[in-house]
Each structure stands twice: as structure tokens, then as C-alpha cells.
Amino acid sequence: MKSMSLRLRLFLVILPPLFVVSALLGWWRFEVAQETSEELFDRSLVSAALAISRDVAISEGDALSPSTRRVISDAGGGEVFYHVTGPGGVYVTGYAYPPRPETPVARDLPFYYFATYRGEDMRVMRMIENRTIGTLTGDTVVTVWQRVSDRRAFARELAFRAAALIFGLMAALALIIWFGVQIGLRPLNDLEAAIRRRSPEDLGPIRRAVPHEVSDIVSTLNRLLGQVQDSFEAHQAFISDAAHQLRNPAAAILTLAEALPHVHDAAERAHCEEQLVDAARKSARLSEQLLSLERLRYDESTGMAPFDLNTVVEDVCRAFAAKALSRDLDFAFAPSEEPLLVLGNSVLVGEALINLLENALKHGGGEMTAINVRTSSDEEGVMITVDDDGFGIPPDKVSTAFRRFSQLQYGEGTGLGLAIVEQVMVRHAGRVDLVPSETGATFCLWFPRVVKA
């Protein structure tokens, strides 16, 4: 399934929180608009009541001034109704039968309440003051009221205007984010286009300037390209070396096979057959070692499990003893007194030990008399030590000895034994050491210790 584009992903990550914030802001703005409008409308009622009270006192109840009428007619909350009674409760002016409060009204202070007037909910303000109208002095009651529906409609209109403004700003912001993300991602698009134009053979590092946030990705990609380049070169070198090494055994087998039908002497024919079998055996061994080396380099599926190193070494030494004794060599194995647990692949460890033993057998020289194998441990790990009293390896030739297809002197080997040993130890997080000795060669295979649960 195709993944969501980075542009759309960033858009969806950035915009929804902004929409949530805008919704909360719109709701808050609506509530504030309601409260503010109520407060302003109540003040307009007070202003109207004071203006009416003043005009009544000035005109002695005859009429309201034009300015007061404008205040009443221009009230933002809709039509304003009013009713005025003079001293003794005498009707002065206004609408008849005003909404009355259910509780007593305090003197000289505006008193607000809700009531029903002609079947509609009203917001009412009543104020009682001592006034003189004509020759009469007493309490003057001014009552003004507005429809609640008109006030709320006006408040909703103000809130909807604010919401429309917020929605417009969010729409503009969404467009800015959509195209802004596209502009911000342009360096990534340019990088992708540059990589797409590369040929499969171009594994060099990417040197294009990129934003700081992408520099780590480019560095990782460059490191991966370098590893692929190194792996490709190593693979090509291995194929070239393998072809070169297999050419001689193949040519020898072909030559012997072609010559064999023309050999009529029985003894010479038997010798030729023996050489053919020996050449085929060497070719098979070389092919087996090549496959083992490549499997160690590229196969990560090799099973790893705890095993006793003493058991594996004993099995290998038991199988190798006959070959060593046929060469009239002293061959000894000294196991550790305690079990030596190792986490790894017992087959690969056994292969590494076989390569060390065969390396000693082939390159120890005619004067070699003994090969010794022992297992031991220290505080950090466990070890297999293989030593002989043969020619040995000079210290300045150690790196050459572990190189593939390299031989310090001509012999029967393939030049892969120590390279395989080194790869096995790398796979097991261990190491192979060439221990300095007065005579012969001493190799030590070191494995990390497995802690018992």
C-alpha cells in the first residue's frame, strides 16, 4: 500500500490542532460575546432610564426630549419599552402594565430581573428615585425593558461575525500551510530528483547541500552507499580471486583426464589416477572453503545457541587424530576441567578449528613433530589454543597470513584457512590471536563467556 505523502502528512499534523484551537476560540468568543452584550445592553437600559427620569423631571411628565427618544430607538438590543409613575403611583408616561418584579426593589439603585410581557421573555430594569414633578414630591418609578430574544439575536450576530472572521483566517492559514509545506519540502524533492538521475554504477557520496534537518539522513545514506561500494568491490575481488584460484585445479584435472586414456602402463595409469583424484579433492576442498567464506560474510541466518566448547573440540580432535597419527605426529588434546559455555554455532567453530589443524599439518614443515590442542578459561572468556613445533609465522607476516588466498610459502593449502577462522571469530564476537612462541606457531581462539542464568 502506498504511503501517505510527506506534504499531506505535515498538513494533517499541523492543521487539525489549529482547527481545534480555532473551535475553542470561537466557542469562547461566543460566550464572551453573550456576556459582553448582556452587560452592554443592561447599561443601555440604565442610560435610557436615567434619560427618561431626567426628561420627566424637566418637562413635569409632559414629554421626552428628542435625544432621549434617539437613545431608546437606537438601542442595540432591539426595541426598548418604558413606563414611568410619579409620586403616589400616578401614571406619567410610557407603555401600560409594565412587568413587575417578584421581590422588593431597592431605592436609588438599578434593579434587574427577567419577566414575561405579552407572552415574551423580557429583561427588565426598574429604578426608584425621589423626584419632584410639578407640585408633587415623592418616589418616581422608572421601568424599562427589552425582549430577551432581540438581545440574544444581536449577540449571536456578533459571535457569528467573529466566527466567520476566524474561519476565513483558518482557510487562509490552511492555504499558506499547504503551499508553504510544498516550498519547504523543495530541497527534499530536489534531492530525490538528483538521486533518481544517478546511474546504478554511481555509488559515490551525495554532495548536494541540504537543510540541517535532512543532513543526518544524507549522512546515513552516504554511509550506506559507501558500505555498498565496499561490499561490491570486495565481492568483485573475491570473484576474481576465486576464478584465479580455481583455474589451476580445473586445468590440472582437465589435463590429467585428457592424458588418462592414452596411458597404457598399469603402474603409470594408477599414478595418473591418483593424481587426478588428488587434484579433484583439492578442487572440492577449495570450493568448499570458498562457499564457507562467503556464507560467513553474507549469511546472517546462522543459528546461535549455547554449547559446551569442550565437547565440540573433542569431537574435532577425535576425527583429526587419525590424519595426524598417519603423519607420525604427536597429537594431544587437553580439555578444561569445567564446562566452557559459548554462545554460537558449533558447526562453524568446529570448521574454524579444523582449518587451524589442517593449516598446521600442511605448513608446519617436515621437521614438525607435535600438535597440541587445549581449552581453558579466564575471567572474561574461554579459549581454544592450538600450537605446533613447526616453522611458525614471522611477526611481520601475520597480516599476510590472514589474507585470502595468501601463502607465506608454497604448499598444498588454498590460502583460505586462516581467513575462514578470522571470519568465524568475528561472527562469534571473539578474536583469533597469533601468540608469540619460541618454536612453531600458537593460535588462540577467544570467545566471550556465557553467564549462566
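1. In this predicted model, G88 is exposed, at a relative accessible area of 83%. The residue sits in the loop that runs between β1 (80-85) and β2 (91-94). Its C-alpha is 7.3 Å from that of D139, although 51 residues separate G88 and D139 in sequence.

2. The main sheet is open and has 5 strands, ordered β7-β9-β10-β12-β11, with mixed pairing. At its edges are β7 (330-334) and β11 (431-435), each of which pairs on one side only. On average, neighbouring strands of this sheet are turned by 15 degrees against each other, direction ignored.

3. Within this sheet, β9 and β10 are antiparallel and share 7 bridges. The connection between β9 and β10 is a hairpin of 3 residues. Two facing positions can be checked in the model: R374 is opposite T385 of β10, and S377 is opposite V382 of β10. On the other pairing, β10 and β12 also run antiparallel, joined by 7 bridges. There V386 faces F443 of β12.

4. How much of β10 is buried? Of its 8 residues, 8 are buried, so the strand is mostly covered. In a regular strand, side chains alternate between the two faces of the sheet. In β10, G381, M383, T385 and D387 point one way, while V382, I384, V386 and D388 point the other way. Both sets are buried, and both include an aspartate, D387 in one and D388 in the other.

5. T385 is a useful residue to inspect in strand β10. It counts as buried because its relative accessibility is 7%, under the 20% limit. Neighbours within four places in sequence aside, T385 is in contact with N372, V373 and R374, and also with T442, F443 and C444.

6. Two helices should be viewed together with the sheet. Helix α7 lies across β7, β9, β10 and β12, and runs at about 170 degrees to β7. Helix α8 packs on the sheet as well, where it touches β7, β9, β10 and β12. The direction of α8 makes about 20 degrees with that of β10.

7. Which residues of the largest nonpolar core touch the most other members? They are L309, F331, L357, I371, I384 and F447, out of 38 residues in that core. Two or more residues each come from α7 (309-326), α8 (346-363), β9 (370-377), β10 (381-388), α10 (417-427) and β12 (442-448). Another core lies apart from this one; it has 14 residues, including V56, L64, V80 and V144.

8. F447 gives a local view of the packing. Not counting residues up to four places away in sequence, F447 touches L309, V342, V349, G381, V382, I384, M425 and H428. Two of these contacts, L309 and I384, are also listed with F447 among the core residues that touch the most other members.

9. The salt bridges come next. Side chains of opposite charge can pair when their charged atoms come close. The count for the model is 12 salt bridges. One of them joins the side chains of R151 and E38, at 2.7 Å from N to O. This pair links distant parts of the chain, with R151 in helix α3 (residues 148-184) and E38 in helix α1 (residues 6-59), 113 residues apart. Is each partner buried or partly exposed? R151 is buried, at 1% relative accessibility, whereas E38 is partly exposed, with a relative accessible area of 22%.

10. Other salt bridges lie within a single helix. In α1, R43 pairs with E39, and the closest N and O atoms are 2.7 Å apart. R43 and E39 are 4 residues apart in this helix, which means that about one helical turn separates them. E39 is partly exposed, at 42% relative accessibility.

11. Helix α3 holds another such pair, R161 and E157, which are 4 residues apart, about one turn of the helix. The closest N and O atoms of this salt bridge are 2.6 Å apart. R161 is exposed, with a relative accessible area of 53%, and E157 is partly exposed, at 36% relative accessibility. Elsewhere, E38, D42, R123 and R151 are joined into one network by salt bridges that share partners.

Technical notes
Residues numbered from 1 in each chain as written. Predicted model: local features only at pLDDT ≥ 70, side-chain atom pairs only at ≥ 80, totals over all residues. Heavy atoms only, no water. Buried < 20%, exposed > 50% of the residue type's maximum accessible area, 1.4 Å probe, protein only. Core = buried A, V, L, I, M, F, W, Y, C linked by side-chain atoms within 4.5 Å. Contact = heavy atoms within 4.5 Å. Salt bridge = Lys/Arg side-chain N within 4 Å of Asp/Glu carboxyl O. Pairing = 2+ DSSP bridges. Axes fitted to C-alpha atoms, helices over the stretch in contact; angles between N-to-C directions.
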